[in-house]
Each structure stands twice: as C-alpha cells, then as structure tokens.
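Me: Hello! Could you pick out a single part of this structure and take a close look at it for me? Please follow it outward into its surroundings, in one connected account.

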Amino acid sequence: MAVDSQLTALQVMQDAPVIPVIVLNDVAHAVPVARALVAGGIRMLEVTLRTPQALACMEAIARDVPEAVLGAGTVRSAADARAAAAAGARFVVSPGYTSAVGQACRDLGLPLLPGVATGSEIMMCQEDGLSELKFFPAMQAGGAAILKAWSGPFTDIRFCPTGGVTMANATELLALSNVVCVGGSWLVPPDALAQRDWSRITRSAQSAKGLRRSAG
Ligand code: 3PG
C-alpha cells in the first residue's frame, strides 16, 4: 500500500495486523527499534508520549527511518497532538477521546485513532466523524465478547483492540468482522531494549505480520 500525504486512519489500520505500541526511554534505541520493526515487515509505528524522551525519539525516527510511518501514542491533549506533529508524527493514537483532540488532529491533517471503551464513547467519536477506533483497554474491558456485541449496533465502526493483546489472543480478535488490526507492546519488550536485541524485535514483527485477519 502506498502511503501518501492523505494517510487515513483506515490505511493506518490496514497496513499490518499489528500496530506496535513502543515505549522508549533512551533516544539511542529509537532508530534501531524502528529499523528492526520495519525489517520484520511492520512500518506503522506508535511511539507513546509517555516518557520524557518520546519526542526526541520520534524526531530521530522521522529523520532516519523514512520507510517507517511514524505515529504518536498516548496523545491526551491538543498540545500533545501539536508536539507530536512537530516531531514528525503522521498519525495519532489516544487512550480516550475529547473533541479538542479531534479538532487538533483535523487542524493538523493527521488521522486519529481515538480510544473508546463504551457505546457512548463510540457515539461521541461518530458524531465527530470518526469511525476507525482503538478499543482500549481491550482485554481488561471485555475483549472479543464486547467487540462481538458492538458489531450489532455499530456495524460501520472498525476497531483496533489494544491493551492486554498478545500473540496468543490476537488471532481470536483478528478473526472478528469489526477488527482490522490490533495494537500491543509485546513486539518491543523492555528486556529486548535493554539487551539491544534488535533481531528479536524483528522476529516478533515477522510473527505479528504473519497473523491472519478476516476484516480489512
Ligand atoms: C497502550 O498504550 O495502548 C497500551 O498500554 C498497550 O497495552 P499493552 O502494553 O497491554 O500491549
């Protein structure tokens, strides 16, 4: 899939079965991690804004790994969205939704995957024109059962379940008609970072890339 300046949330979700959730504490890890994931076939990368080094890590990836499509995670405010865009983010993921974050992303021209965990939150996102949503925290909030329940009233909504997702439960989620991809931090575990074990991250990405999904 070609990725152009008109990147959509659906394209972000469709590119691979898994969006890696990346937590970086060391700028020196940013580029090797991004290259390791891209080498494993995964290029939509969500770097979370939850460490002091996150924006510097994003800048490094945006500058040095052009094959990656950099996204910002844990975006909780319009200011976060603007900072992420300035650091090179091309899409935004948030753990919840506010209309201020939605407006900021529209103003910036960035696709947004907002987090929802209830029907009311889904409806608020729909009111603001958003129909590709992150289900967070997925496994803690009901997992596959709640996604199946939502497929009735929310037939036009597509989800990226994230939170507690692993290789072991991803298959069940990806088999659902309203799940396009899943998100998770398991591809970039802290011990692999500490050991600078980039080949392990590439192997994890290859395994995740090979997951089958039914929706698209
Ligand atoms: C997120 O930020 O989306 C989640 O913290 C990722 O959840 P996980 O660590 O359980 O994969």
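Reply: A residue is called buried here when its relative accessible area is under 20%, not counting anything beyond the protein chains. Ala81 is buried by that cut-off, because its relative accessible area is 0%. Please keep in mind that this is a predicted model.

Let me begin at this alanine. Ala81 belongs to helix α4, which covers residues 78-86. Leaving aside residues up to four places away in sequence, Ala81 touches Val75, Ala104, Cys105 and Leu108. From Ala81 we can also take a bearing on Met44: the two are 37 residues apart in sequence, and their C-alpha atoms are 17 Å apart in space.

Met44 brings us to strand β2, the part I would like to look at closely. Of the 5 residues in β2, 5 are buried, so the rest of the structure largely encloses this strand. In a regular strand, side chains alternate between the two faces of the sheet. In β2, Met44, Glu46 and Thr48 point one way, while Leu45 and Val47 point the other way. Residues on both sides are buried, Glu46 among them.

Which strands does β2 pair with? One is β1 (residues 18-22), joined to β2 in the parallel sense by 2 bridges. Within that pairing, Val21 has Glu46 of β2 as its bridge partner. Between β1 and β2 the chain passes through helix α2 (residues 27-39), and this β-α-β crossover is right-handed.

Strand β3 is another partner: β2 and β3 run parallel and are joined by 5 bridges. Here Glu46 stands opposite Gly71 of β3. Between β2 and β3 the chain passes through α3, again in a β-α-β crossover that is right-handed.

Gly71 leads one strand further along. Strand β3 (residues 69-73) pairs with β4 (residues 91-93) in the parallel sense over 2 bridges, and Gly71 stands opposite Phe91 of β4. Helix α3 (residues 54-64) packs on the sheet and touches both β2 (44-48) and β3, with its direction at about 170° to that of β3.

Now we can step back to the whole sheet. How many strands form it, and in what order? There are 6, in the order β5-β4-β3-β2-β1-β9, forming an open sheet with parallel pairing. The edges belong to β5 (112-113) and β9 (182-184); each has a single partner strand, so one side of each is left without a neighbour in the sheet. In general, the strands of a sheet pair through backbone hydrogen bonds, in either a parallel or an antiparallel way.

The other sheet makes a good companion to this one. It is an open sheet of 3 strands in the order β6-β7-β8, with parallel pairing. Its edge strands are β6 (115-116) and β8 (158-161), each of which pairs on one side only. Strands β7 and β8 run parallel and are joined by 4 bridges, and Glu132 has Arg158 of β8 as its bridge partner. Helix α8 packs on this sheet, touching β7 and β8, and its direction makes about 150° with that of β7.

Some aromatic rings are worth a look here too. A search of the whole structure finds 2 aromatic pairs. Phe135 and Trp150 form an edge-to-face pair, 4.9 Å centre to centre with 70° between the planes. Because Phe135 lies in β7 (residues 132-135) and Trp150 in α8 (residues 143-150), the pair ties together parts that are 15 residues apart in sequence. Trp150 is buried, at a relative accessible area of 7%. The rings of Trp150 and Phe159 have centres 5.1 Å apart and planes at 25°, so this pair is stacked. Phe135 counts as buried at 0% relative accessibility, and Phe159 is likewise buried at 0%. Phe135, Trp150 and Phe159 form one aromatic cluster.

One last ring to visit is that of Phe136: the charged end of Lys134 sits over this ring, 4.6 Å from its centre.

To return to where we looked most closely: β2 is largely enclosed by the rest of the structure, and in the sheet order it stands between β3 and β1.

Terms used:
Residues numbered from 1 in each chain as written. Predicted model: local features only at pLDDT ≥ 70, side-chain atom pairs only at ≥ 80, totals over all residues. Heavy atoms only, no water. Pairing = 2+ DSSP bridges. Contact = heavy atoms within 4.5 Å. Axes fitted to C-alpha atoms, helices over the stretch in contact; angles between N-to-C directions. Buried < 20%, exposed > 50% of the residue type's maximum accessible area, 1.4 Å probe, protein only. Right-handed = clockwise from strand over helix to strand, strands pointing away. Phe/Tyr/Trp six-rings, centres within 6.5 Å; stacked < 30°, edge-to-face > 60°. Lys NZ or Arg CZ within 6 Å of the ring centre and 35° of its normal.
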